[in-house]
Amino acid sequence: MPAPEQAVPFSTVLRTASSEEHAAAEQSPFMSRLLGGQLGIDAYADLTGQLWYVYRALEEQADALAGHPVAGPFIDRALLRTAAIERDLAHLRGPDWRTGLSPLPATSAYADRVAELAAEWPAGYVAHHYTRYLGDLSGGQIVRGIAERTWGFERKGDGVRFYVFEEVANPAALKREYRAKLDAAGVALDEVGRRRVVEECKRAFALNGAVFRALEARYPLSA
Ligand code: HEM
């Protein structure tokens, strides 16, 4: 018989535990303005550049993590975003997109945390993997549509490739499988491990929120 604390699937535990953080991220001034079509393309390009640092940290260690008992099952080449972000950045910032690109302090803190976990605590890395990739497969699709309409990018083309998972034929099926992997990770971890992963997930949302706040400060709504 499963222990009582395992009665709720871990995917549900994570979603429920982070729902307030999700609402806060979605309703943050920066995201609200993005969703309302009120951001300039420079702010969107900046967000894309900041995400490049985050995904580099998430993906640099992917091969090394592939054999890890907890994190390994989550490593999936079809999810990798770095190349797609680079195509978007070439479109948004030009071929020299790397020149002059620099991480905000909040972005560095986020990327550093991901890199630290990939090296030292792969189960904690899973919390970050979940927060970004499952979000990209979900709300990311709403953001894509708005970006296409607001700035006139070609549908699923340059500028929004980050949100297009070309190698994922069935996103709904992938999300179901992803949740099954989370549930299996929850069984593999003990209660303390599960609790720490939940806390790390909340931290992942907070790190995203800090990047949004810094971007909001950089691109204030003009009066
Ligand atoms: C732009 C604002 C956002 C909108 C409109 C949005 C919308 C959504 C929607 C509709 C879902 C549910 C999809 C489903 O059940 O299949 C979802 C799930 C999710 N979102 Fe967001 N989201 C936003 C921002 C974010 C951000 C900033 C993050 C984190 C960085 C995030 C992370 C997630 C995660 C992890 C899930 C999966 C929850 C689960 O089922 O376990 N979202 N989002």
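# Burial, contacts and the ligand site

Guide: Gln-38 is placed in the loop between helix H3 (29-35) and H4. The model under discussion is a predicted one.

Visitor: Why is Gln-38 called partly exposed?

Guide: Its relative accessible area is 47%. Buried requires a value under 20% and exposed a value over 50%, so Gln-38, at 47%, is partly exposed.

Visitor: Which residues is Gln-38 in contact with, leaving aside its neighbours within four places in sequence?

Guide: Gln-38 is in contact with Ser-32 and Arg-33. By contrast, the C-alpha atoms of Gln-38 and Ala-24 are 19 Å apart in space, with their positions 14 residues apart in sequence.

Visitor: How do you know that the length of helix H10 agrees with its number of residues?

Guide: Helix H10 covers residues 171-188, which is 18 residues. The expected span is 1.5 Å times one less than the number of residues, and for H10 this gives 26 Å. The end C-alpha atoms of H10 are 25 Å apart, and therefore the two values agree.

Visitor: What makes Leu-182 a buried residue?

Guide: Leu-182 is found in helix H10, and its relative accessible area is 1%. The limit for buried is under 20%, so Leu-182 is buried. Setting aside sequence neighbours within four places, Leu-182 is in contact with Phe-10, Ser-11, Leu-14, Phe-74, Val-126 and Tyr-130. One of these, Leu-14, is 168 residues away along the chain, with a C-alpha separation of 8.8 Å.

Visitor: Why does Ala-173 count as buried?

Guide: Ala-173 also belongs to helix H10. Its relative accessibility is 13%, and because buried means under 20%, Ala-173 counts as buried. The C-alpha atoms of Ala-173 and Thr-48 are 27 Å apart, the two residues being 125 places apart along the chain.

Visitor: What do the buried residues of H10 pack against?

Guide: They pack against helix H1 (10-17), helix H8 (122-137) and helix H11 (191-218). The buried residues of H10 are Ala-173, Leu-174, Lys-175, Tyr-178, Leu-182, Ala-185 and Gly-186.

Visitor: How do you know that Phe-10 is buried?

Guide: Phe-10, in helix H1, has a relative accessible area of 5%. That value satisfies the condition of under 20%, so Phe-10 is buried. Apart from neighbours within four places in sequence, Phe-10 is in contact with Leu-182, Asp-183, Gly-186, Arg-194, Val-197 and Val-198. Phe-10 and Val-198 are 188 residues apart in sequence, yet their C-alpha atoms are 9.3 Å apart.

Visitor: What makes Arg-161 a buried residue?

Guide: The relative accessible area of Arg-161 is 16%; as buried means under 20%, Arg-161 is therefore buried. Arg-161 lies in the loop between helix H9 (139-151) and H10. Not counting residues up to four places away in sequence, Arg-161 touches Arg-81, Ala-84, Arg-87, Asp-88, Lys-156 and Glu-166.

Visitor: Why is Lys-156 called partly exposed?

Guide: Lys-156, which is in the loop between H9 and H10, has a relative accessible area of 36%. This value falls between 20% and 50%, so Lys-156 is partly exposed. Lys-156 also has a positive phi of about 60° although it is not a glycine. Most residues other than glycine have a negative phi.

Visitor: What makes His-22 a donor to the iron atom of the ligand?

Guide: The NE2 atom of His-22 is 2.0 Å from the iron atom. A donor here is an N, O or S atom within 2.8 Å of the metal, so His-22 qualifies, and it is the single donor from the protein. His-22 is placed in helix H2 (residues 19-26).

Visitor: Which of the 20 residues around the ligand come nearest?

Guide: His-22, Met-31, Tyr-130, Lys-175 and Arg-179 come nearest.

Visitor: How do you know that Tyr-130 makes a polar contact with the ligand?

Guide: An N or O atom in the side chain of Tyr-130 is 2.5 Å from an oxygen atom of the ligand. A polar contact requires such a pair within 3.5 Å, so Tyr-130 meets the condition. For Lys-175, a polar side-chain atom lies 2.7 Å from an oxygen atom of the ligand.

Visitor: Which residues have the most contacts inside the largest nonpolar core?

Guide: They are Phe-30, Leu-34, Tyr-44, Leu-47, Tyr-55 and Tyr-125, in a core of 69 residues. Helix H4 (residues 41-60) supplies the largest share of this core, 11 residues. Beyond neighbours within four places in sequence, Leu-47 is in contact with Phe-30, Met-31, Leu-34, Tyr-163, Phe-212 and Leu-215.

Conventions: Residues numbered from 1 in each chain as written. Predicted model: local features only at pLDDT ≥ 70, side-chain atom pairs only at ≥ 80, totals over all residues. Heavy atoms only, no water. Helix = DSSP H or I, 4+ residues; strand = E, 2+ residues; numbered from the N terminus. Buried < 20%, exposed > 50% of the residue type's maximum accessible area, 1.4 Å probe, protein only. Contact = heavy atoms within 4.5 Å. Donors = N, O, S within 2.8 Å, 3.2 Å for Na, K, Ca; no water. Near = heavy atom within 4 Å. Polar contact = N/O pair within 3.5 Å; in protein donor to acceptor, adjacent residues only side chain to side chain. Core = buried A, V, L, I, M, F, W, Y, C linked by side-chain atoms within 4.5 Å.
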